[in-house]
Amino acid sequence: MTIRTTVIGAYPKIGDGLEAQELRRALHRHDRGEIADAELDKVFDDVTRTAIGEIEAAGIDVTNDGQIRWDDLLSPFARTWSGVEPGPLERFYDNNTYFRQPVIDGRIVTDGRSLVRDYTFAAGVAKMTLKAAIPGPLTFATLAARDEQYASLEERVLAIADATAREIAGLKAAGATMIDIEDPAVAASPKNIELAREAYRRLADPDLALTLVTYFFPADTVLESLASFPVAAIGIDVRSRDTTAFDRLDAFRTQAVVLGVVDARNTRLETADEVARYAERALKLVPQERLVLAPTTSLEYLPRDVARAKLTALVEGARLVSGEKVPA
Amino acid sequence: MSENLLTTTVGSFGKPEYLTKARGQVARGKLGATELEELERKATAEWIRRQEDIGLDVLVDGEMYRGDMVAYFAERLEGFKIGGLVRSYGNRYYHKPVIAGKISRPKPMTVSWFEYAQSLTSKPVKGMLTGPYTLLDWSYNEAYPTRRDAVLALAEIVRDEARDLERAGAKYIQIDEPAIHARPEEIEIAIEAMGIVTAGLSAKTISHICYGDFAAIYPQVLDLPVDQLDLAMANYGYRWLDLFDRNPFTKELAIGIVDVHAHATETVDEAAEGIRKGLRYVPAAKLWPHPDCGLKTRTVEECVEKCTAVVEATKVVRKELAKVPA
């Protein structure tokens, strides 16, 4: 059996060639009132199809929908949840990429169907296993610009966790069995780890494989805590910064480890050998059935052609480890 | 020129429509570089005149000839490659540069624009550079073993450019570090690099910082070897000023009093209130009112409105100061 591979977060929405920039053009035209919502929607769907197609063509085992409709990690929910509005632009952690900080101006309520349409569409396109994704409660709560509703960070995190649980239930009803919870704040803000644990208790569902995905920051100080979170897998970025996590993966005794080994924030291309060496190092501490290889984070931090090449290196590296022949 | 509350701007202005159009034509190969440069010079001259008309004290060239504050330099340095398109936000994309080899500067990159802009006015024009830490942080590093190695190599390049600007007569040199708090644990690297850039300069040195968590690098950022820090404040509801309660601000402060990301311009009263807030922490001789950030995402008209609000608000507060015996 080959080590499994997956993607994380958003896939590049456009490529460098003009033919790969249909979404950019459609959004401009939509802004100018030249095309209607339905036409823009069709382009979003086309690009989603392209993204899933490219991920699958690279040989990735578990894909997502590429988050083509997402302006940023929080925007789909800031748009649909009542009690939340998109607020000021801010830098997304240590990236030259920006997001709208949510502003909480009332009790957060959702029907849990924010992602159902996108998930259902992607399920009709994907040939491989499809997973969904949603931001983590601690990340959402700590990135808010203002909160006029909840008296403390704790109240805010738990209210967001309850809304997130509804979204997870909505995705489950739509057929999802695997969901990534992208929560870099768990690593960025380790002092809140017990609050995060309380939030994840509210998300847990025995029928779903939830992955708590950390990225950008070393998870060093929270590694042992994460090992007892009620989730099926933990995502760890071992490339963005110096980290001891790589040598402590045996902390995870039951959960799978989604190991970010291909740097999604640098164009320098890993070789398949390099990927294989990372995998072999991890295999000393985690059995193969509980190891999944992935990019460190969203591939959208890279130009699309580099993203594609990174996925190819990832898959070839995984095949090298299991002695499978890499197709020329 | 009044010595109190000198007004200025962060560096970039909105491009006139004829220039935006021309840049598009150049990209499609329908217009030559010489024709484009003519239009850039025309737009620069217009912005110098507008700044004088508005009554700003220390001017900028407006960066009519730059698209992006990192790519402009990357395109002119050896060792850089122009990378593919990456999204910054919404439907905005940029060519993120790649450091692919050892970096060197074949020739000065901003000096002739500075000289041209300065020749059009008797008011001082600032020399405008992007700092070494930001140049690295906003590029992919494929060539240098560590981020620090790349930052220090870039520092030498920026230093050479700063010295050339000073030789060309620049009395103010701004070395922007908007990415300085991207990784607060690396603030020492940014400080070390800025030390290389500003060592031996006699011009007044300024560094603009925006977005991000300023609190995470305060008060360490006071060790950044520049005379003036230039901070976005209006967009943040002036909350960074609270930090100065515990650790007094020790440099000159260029204070952002109008938000550049909103189409609507603050009223003169609102902007004046921003200056008054700043005066609680920094004396008038060391406080410089200006917009929060570069204005390149605004239209020419919006830029003029925002700058006018800055100048009018400053007049109001200067009058108040004149009434109070020192």
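## Exercises on rings, charges and cysteines

Y218(B) has a relative accessibility of 7%, so this tyrosine counts as buried. The model is predicted.

**Exercise 1.** Classify the ring pair of F214(B) and Y218(B) as stacked, tilted or edge-to-face.

*Solution.* Start with burial. F214(B) is buried, with 2% relative accessibility. Y218(B) is buried as well, at 7%. Next, take the pair formed by Y65(B) and Y72(B). The centres of Y65(B) and Y72(B) are 5.3 Å apart, and 70 degrees separate their planes. Over 60 degrees counts as edge-to-face, and that is the class of Y65(B) with Y72(B). Both partners are buried: Y65(B) at 6%, Y72(B) at 4%. Now return to F214(B) and Y218(B). Their ring centres lie 5.7 Å apart. The planes meet at 40 degrees, so the pair is tilted. Over all chains, the count of aromatic pairs is 26.

**Exercise 2.** Which residues form one aromatic cluster with Y301(A)?

*Solution.* Go along chain A. F92(A), Y93(A) and F99(A) belong to the cluster. Y215(A), F216(A) and F217(A) belong to it too. Y301(A) completes the list.

**Exercise 3.** Over the face of which ring does R41(B) lie, and over which does K42(B) lie?

*Solution.* Take the arginine. R41(B) lies over the face of Y116(B), 4.0 Å from the ring centre. Then the lysine. K42(B) lies over the face of Y18(B), and here the distance to the ring centre is 4.6 Å.

**Exercise 4.** Why is there no bond between the sulfurs of C293(B) and C210(B)?

*Solution.* Find the closest cysteine sulfur to that of C293(B). This sulfur is in C210(B), at 3.8 Å. A disulfide needs the two sulfur atoms within 2.5 Å. The separation of 3.8 Å is therefore too far for a bond. Check the total: zero disulfides over all chains. C210(B) is accordingly in no disulfide. Both cysteines are buried, C210(B) at 7% relative accessibility and C293(B) at 15%.

**Exercise 5.** Where is T214(A) found, and what does its side chain reach?

*Solution.* Place the residue. T214(A) sits in the chain A loop between β9 (209-213) and α9 (223-226). Check exposure. Relative accessibility is 1%, so T214(A) counts as buried. Follow the side chain. The side chain of T214(A) reaches the backbone oxygen of G235(A) at 2.7 Å. Finally, list the contacts beyond four places in sequence. T214(A) touches D183(A), P184(A), V186(A) and A187(A), among others. Its contacts also include A219(A), L226(A), G235(A), I236(A) and D237(A).

Methods
Residues numbered from 1 in each chain as written. Chains lettered and ligands numbered in written order. Predicted model: local features only at pLDDT ≥ 70, side-chain atom pairs only at ≥ 80, totals over all residues. Heavy atoms only, no water. Phe/Tyr/Trp six-rings, centres within 6.5 Å; stacked < 30°, edge-to-face > 60°. Buried < 20%, exposed > 50% of the residue type's maximum accessible area, 1.4 Å probe, protein only. Lys NZ or Arg CZ within 6 Å of the ring centre and 35° of its normal. Helix = DSSP H or I, 4+ residues; strand = E, 2+ residues; numbered from the N terminus. Polar contact = N/O pair within 3.5 Å; in protein donor to acceptor, adjacent residues only side chain to side chain. Contact = heavy atoms within 4.5 Å.
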